[in-house]
Amino acid sequence: MYCYFLCDVPCALKVDGAFLGVTSHNLRYVESERCFLEFIPLDESFENVSFLFDKNHPVSTKNTKIIDLYGGFLIIPQFYRKSDGRFTLLGKKSFDFTYPTLVTCFSQNGVKLCVSKQNDFLIEELPFTPKNVIFDTCRTYGNEYLLAVCIADKTEILAFKIGEKISLVFKNVCDGYSLNKNTLTVFEKKNDLLKHSISCTWQFGETVTLKNYKITCEREVFSLPEKLLVIAFFEELLLDGDVEAFLSPELKPRSSEMKEFIGKFTRILPPPHFVSSDLVTLLYDDKVEYAQVAVTNGLITNVTLI
């Protein structure tokens with residue numbers, strides 16, 4: 001039985017106490033029917049993950065997700081940050097809204113953002129420790145919003161509507177942003193084959209609504225070799241982009257059906273070694289599907305899920 005590993009945090013991997021190597025998104029694997037696995041993050045701020053794998057009882061746990069590969073299993077450890085009881089203030093500001101509001105960003109057993117006013121408060125956890133925190137406001141037609149911009153290698157923006165109750169109405173991780181009165185635009189650059197850039201414009205009013213979603217790319221579809229064309233096609237679907245340029249004239253009229261046909265997958269992975277190398281592995285929340293794509297003269301003529 002083959003056990004593949006997919007780690008969002010690079011870590012050292014031990015199998016039955018023996019060091020196997022470093023694993024992250026490179027899909028290392030071992031052949032074993034029963035073994036004790038240890039994932040030791042290279043970033044010491046994360047807790048280790050360990051568990052006993054048994055092919056006869058491949059059950060996901062709180063710390064580990066196990067997905068059937070139909071010939072093996074994909075093991076995805078879920079890493080949590082170590083508890084640190086020390087309190088560190090990262091940012092604090094008060095606002096003279098209709099309901100006076102205080103926002104505090106701090107680190108204590110994780111990084112948290114606390115928005116509070118008389119008789120109400122809301123706490124949100126952040127996925128990273130920001131190097132800088134900027135607080136801003138948006139007031140429109142009697143609606144009052146507090147924006148927290150948490151900046152590190154990536155930027156996370158959270159927006160709270162301040163009324164009788166505090167509510168989180170917007171959350172986005174991006175590479176940059178601009179705020180102009182009641183309009184917020186966020187930018188993101190993808191490290192994918194076509195080098196996509198995404199721009200989303202949100203308008204703050206009675207609610208927060210998406211007004212514009214624009215995808216551009218630095219490379220052209222026709223510049224890719226056949227194997228990379230197939231990967232780029234699924235990357236485009238993952239971004240809700242326009243896949244017409246990938247499709248043959250016969251398939252173009254059905255381009256809008258592709259997303260529904262493929263379903264809501266979350267990642268594109270190479271195939272495990274026990275299936276055909278021509279397949280593409282699509283990872284969903286709780287399963288995988290293998291996709292087979294036919295290409296003729298640089299255009300996709302058929303897509304099949306196996």
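Colleague: What is the strand order of the open sheet of four strands, and is the pairing parallel or antiparallel?

Modeller: In this predicted model, the order is S21-S22-S23-S24, and the pairing is antiparallel. The twist from one strand to the next averages 35°.

Colleague: Which strands stand at the edges of the sheet?

Modeller: An edge strand is recognised by its single partner. Here these are S21 (267-269) and S24, so each has one side without a neighbour in the sheet. S21 pairs with S22 over three bridges, in the antiparallel sense. Within these two strands, Arg 267 is placed opposite Leu 283 of S22.

Colleague: Which helix packs on the sheet, and which strands does that helix touch?

Modeller: Helix H1 does so, with contacts to S21, S22, S23 and S24. The direction of H1 makes about 125° with that of S23.

Colleague: Which residues touch the most other members of the largest nonpolar core?

Modeller: One reads a core through the buried nonpolar side chains that are joined by contacts. Among the 25 residues of this core, Phe 233, Phe 234, Phe 246 and Ile 300 have that role. Two or more residues come from each of helix H1 (226-238), helix H2 (258-262), and strands S22 (280-283), S23 (288-296) and S24 (299-305). H1 gives the most, with six residues.

Colleague: With which residues is Phe 246 in contact, leaving aside neighbours within four places in sequence?

Modeller: The partners of Phe 246 are Leu 194, Val 221, Leu 229, Ala 232, Phe 233, Glu 236, Leu 299 and Ile 300.

Colleague: Which residues does the second, separate core include?

Modeller: That core has 19 residues, including Cys 7, Cys 35, Leu 37 and Phe 51.

Conventions: Residues are numbered from 1 along each chain as its sequence is written. This is a predicted model: local features need pLDDT of at least 70, side-chain atom pairs count only at pLDDT 80 or more; totals for chains, interfaces and linings use all residues. Side-chain values use heavy atoms; hydrogens and water are left out. A nonpolar core is a set of buried Ala, Val, Leu, Ile, Met, Phe, Trp, Tyr and Cys residues joined through side-chain atoms within 4.5 Å. Buried means under 20% relative accessible area, exposed over 50%, partly exposed in between (1.4 Å probe, protein chains only). Contact means heavy atoms within 4.5 Å. Two strands pair if DSSP finds at least two bridges between them. Axes are lines fitted to C-alpha atoms, for helices over the stretch in contact, and angles run from 0 to 180 degrees between N-to-C directions.
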